[in-house]
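Please explain how this chain is put together, moving from its overall make-up to individual helices, the surroundings of the ligand and a few residues in loops.

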Amino acid sequence: MMATTTPTDELRDGGSRCNRCNRCLKATTNNCGGCSGAPAYDKSPVRRVFYCDRNCQKADWDRHKTECRDLQSRKALRRAGIVLKAAMCQIRKNAYPLPVAAVRNDAEQITLKVSAGKGADRLHPFPALLQDDAGLLEAVLLYESSAEAMVYLCNLVRALLDGLYTSILEVDVLPTSCKLRISTTTTTTTTDTDTPKDVSHYVYRVALKNKEIWVLDITGAQHGYPDTLFPWSEYTQERCGKINRQRSLGFYRNQPKYLLNEAQRGAEGTAMADERALAQALDTEIPKWGAEYGGKFTSLLKSSEVDFQAAKDRFLDQVEAHVQFSLARISPNDSSTAKKQSQAVQAKQEKTRTPTQKSRWYCTKAVPGKGQAMVATANIPRGTRILSETPIFRVPRDEHNHYTLERIIAREVERLSTGRSERFFALHNAHGNNHSPALGIARTNALPLGPDAAEGGIFLEASRINHSCRQNAQNTWNANLGKITIHAVRDIKEGEEITISYLSTFENYAVRHPRLRDTFHFTCACELCALPVMLRRQSDRRLDRITRLDGQIGDGVHIVSTPLSCLRDAHELLRLLEEEGITDARVARVYYDALQIAIAHGDQARARVFAQRAYAARVVVEGEDSPNAARVRKYAERPAAHRLFGTTMKWRQAVTKIPLGLNGDEFENWLWKKAKGRLSS
Ligand SMILES: C[S@@+](CC[C@H](N)C(=O)[O-])C[C@H]1O[C@@H](n2cnc3c(N)ncnc32)[C@H](O)[C@@H]1O
């Protein structure tokens with residue numbers, strides 16, 4: 001039943017002469033892989049470029065390259081459309097806004113039978129219907145989804161097309177030519193509501209750097225147009241009656257209606273809240289997906305057809321898994337949600353109960369031998385922001401004169417409200433009668449406001465977190481928020497104590513134990529300190545090696561003179577951190593070190609991958625809004641912006657050289673310059 005369009009791309013010019021020597025009549029098997037498959041822009045067929053051999057192809061490059069790059073941009077845009085449509089179908093397959101019970105198919109009129117009432121305001125998995133008709137399934141999945149696509153996809157569009165466009169607008173059009181009609185009817189009524197509505201349809205208007213203007217119509221399959229890419233002039237002449245509005249990219253995601261909370265939105269509220277939560281959940285994954293593909297999405301879009309297909313399939317699997325996982329967390333009590341589709345997701349859901357708005361991830365209670373402690377009230381997944389808090393006041397860290405410090409703290413305490421003052425004086429004082437109570441409490445509880453900050457902060461909540469040498473959470477000062485943030489660095493079980501590390505270095509038992517006793521006045525009996533002697537010695541050896549390697553890769557001279565050995569150190573360091581079960585900001589730091597090694601020697605390809613991994617690791621322990629994450633993200637986008645770029649050009653390599661189509665081990669071998677188990681240059 002589905003109408004199909006005639007592909008306008010890949011039209012041959014009938015000949016297969018060499019683009020360079022033209023007269024050559026040899027069998028021409030080498031076509032230009034870069035531009036083959038690019039769609040036509042102005043209805044004239046795209047000339048396919050062939051060569052007799054590599055020599056001719058090389059010799060012709062100067063002449064062909066401008067045309068080739070333009071065609072490659074078109075091809076990337078077309079592939080982006082394919083990926084976006086498939087991603088939207090994956091989302092809809094798991095999060096359909098209607099509880100569809102059956103589908104009636106009458107030639108070009110499709111009717112969705114929808115169960116009335118129950119669960120109508122929630123997102124639903126699409127039932128196992130239409131499995132034998134992929135085209136129709138796609139059309140139905142995309143039914144009335146064009147506005148939703150603007151909400152879900154805007155940041156993915158931005159990431160996929162990064163570097164290709166000069167502008168992208170979200171355009172609201174009135175479609176005139178539909179080859180297919182879809183309507184709904186409820187299972188309790190007898191008459192179909194089969195009059196198609198004249199509704200707005202949302203598409204992207206993309207201006208490429210080569211000045212061509214295109215339309216990406218991600219959801220046109222619902223009208224019988226499965227292709228997603230059209231020249232703008234053709235689309236506006238042939239497919240739409242009116243252009244209602246043109247907005248900047250992200251407009252519909254950020255429109256006020258969408259930002260209203262559930263109660264303010266009324267009846268539609270629940271589904272929209274789910275939609276918003278899902279869109280946000282997808283957003284957080286985009287950089288991680290980018291990192292997994294070893295580079296920018298645009299290089300994926302320009303890869304060979306085989307690599308593109310493989311990478312696309314992998315990407316769509318990730319999208320689906322993440323949608324299912326996110327939905328299971330967003331609407332855990334809804335029996336019709338996607339969590340039913342996946343046992344694994346369900347298991348994860350059970351482990352990761354999200355606290356209700358009013359409750360928190362933690363409570364404070366007494367723990368034997370440690371005084372008060374912060375304890376998880378739910379299973380907390382790694383990467384969760386457990387707490388963010390503003391200090392009640394700040395104290396200087398480098399003021400050693402007790403009298404001056406006493407005066408500063410007394411002044412701050414005087415300014416506190418009665419309630420805060422009471423809570424401040426209820427905090428632990430590990431200094432007994434050595435100081436005034438206020439100074440003793442301040443010295444016991446101050447947390448650093450940055451790694452080298454001159455000030456510490458006193459917090460009424462975060463100051464209750466005890467120390468562990470194998471901590472499960474990380475404290476970070478977020479200068480953007482003016483708050484301390486506490487993130488889970490591994491999955492924390494309900495009832496488990498939430499801990500941070502009070503030490504800035506990670507020494508062996510013999511060093512850290514007296515330091516904790518002398519500075520913080522307690523004898524640590526954490527899981528690491530309590531290990532049996534043999535295991536503790538093993539851990540100590542690893543920690544010693546970690547400390548040594550950390551010093552080595554931080555040495556600028558070493559980075560410049562022996563980069564390969566530095567890269568080897570970084571790789572070994574990551575392995576040791578993993579073996580030690582260390583999952584905090586040190587992982588992000590090692591990736592950042594690796595980025596510096598690569599970029600100092602002009603290798604932008606590896607630098608980008610390392611920056612993306614450093615970013616992903618930072619986001620887990622500090623959140624996307626952390627200044628550190630933003631800084632690393634900048635280098636992931638443009639590695640050459642790093643101040644060390646080109647200290648030497650020994651490893652010169654463009655960002656486009658990130659290899660595609662390698663399996664996991666092969667990619668790691670490339671990344672760490674490893675050949676057959678050894679590192680090579
Ligand atoms: C910032 S306070 C932490 C909260 C404190 N437990 C309370 O009751 O308010 C630091 C003090 O907590 C105690 N503490 C922290 N971590 C500990 C641990 N691993 N073992 C024993 N006591 C610990 C020590 O007395 C330390 O001086």
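Two residues are taken to be in contact if their C-beta atoms, placed from the backbone, lie within 7 Å. With that cut-off, and leaving aside neighbours within four places in sequence, Ile 546 is in contact with Phe 506, Leu 573, Leu 576 and Leu 577. The model in which these contacts are found is a predicted one, and the values below are computed from it.

The residue just named is a useful point of entry. Ile 546 lies in helix α16, which covers residues 533-553, and it counts as buried because it has 22 C-beta neighbours inside 10 Å, where 20 or more are required. One of its contacts, Leu 573, is 27 residues away along the chain, yet the C-alpha atoms of Ile 546 and Leu 573 are separated by 6.1 Å.

Before following that contact further, it helps to set out the whole chain. The secondary structure of the protein chain comes to 22 helices and 22 strands, and of its 681 residues 40% count as buried. Among the contacts with a separation of 6 or more, 71% are accounted for by residues 24 or more positions apart.

Leu 573 leads to the packing of helices α18, α19 and α20. The axes of α18 (residues 563-580) and α19 (residues 585-600) come within 10 Å and cross at roughly 165°; since angles over 145 degrees count as roughly antiparallel, α18 and α19 are therefore roughly antiparallel to each other. Their crossing is left-handed. On the α18 side the contact is made by Pro 563, Cys 566, Leu 567, Ala 570, Leu 573, Leu 574 and Leu 577, which meet Arg 586, Val 587, Val 590, Asp 593, Ala 594 and Ile 597 in α19. By class, the residues of this contact divide into 11 nonpolar, no polar and two charged. Many readers will look for a pattern in the spacing of such lists, and the background is that an α-helix has 3.6 residues a turn, so residues three or four places apart point the same way.

Helix α19 also packs against α20 (residues 604-622), at an angle of about 165° and with the axes 8 Å apart. By the criterion already used, α19 and α20 are therefore roughly antiparallel to each other, and α19 passes α20 in a left-handed crossing. From α19 the contact draws on Ala 585, Val 587, Ala 588, Tyr 591, Tyr 592, Ala 594, Leu 595, Ala 598 and Ile 599, while α20 contributes Gln 604, Arg 606, Ala 607, Phe 610, Ala 611, Arg 613, Ala 614, Ala 617, Arg 618 and Val 621. The contact of α19 with α20 has 15 nonpolar, one polar and three charged residues.

The surroundings of the ligand involve another part of the chain. Of the 20 residues around the ligand, Gly 371, Gln 372, His 428, Ala 430 and Asn 466 come nearest. The elements that give two or more residues to this shell are β12 (371-376), α14 (437-445) and β17 (466-467), and the largest share, three residues, comes from β12. By class, the shell has seven nonpolar, 11 polar and two charged residues.

Earlier in the sequence, helix α10 (residues 305-330) holds Gln 324, a residue that is buried because 26 other C-beta atoms lie within 10 Å. Gln 324 and Gln 90 are 234 residues apart in sequence, but 9.7 Å apart in space from C-alpha to C-alpha. Helix α2 (residues 134-141) has Glu 138, Ala 139, Val 140 and Leu 141 as its buried residues, and what covers them includes α1 (54-94), β3 (100-106), β4 (109-114) and β6 (181-186).

Two loop residues deserve a look for their backbone angles. Glu 144, in the loop between α2 and α3 (146-160), has a positive phi of about 45° although it is not a glycine; with 17 C-beta neighbours inside 10 Å, Glu 144 counts as partly exposed. Lys 211, in the loop between β7 (201-208) and β8 (213-216), likewise has a positive phi, near 80°, in a residue other than glycine. Lys 211 is exposed, because 8 other C-beta atoms lie within 10 Å of its own, and 12 or fewer is the condition for that class.

How values were computed:
Residues numbered from 1 in each chain as written. Predicted model: local features only at pLDDT ≥ 70, side-chain atom pairs only at ≥ 80, totals over all residues. Axes fitted to C-alpha atoms, helices over the stretch in contact; angles between N-to-C directions. Helix = DSSP H or I, 4+ residues; strand = E, 2+ residues; numbered from the N terminus. Parallel < 35°, antiparallel > 145°, perpendicular 65-115°, else oblique. Left-handed = near helix turned anticlockwise from the far one by under 90°. Nonpolar A, V, L, I, M, F, W, Y, C, P; charged D, E, K, R; others polar. Near = placed C-beta within 6 Å.
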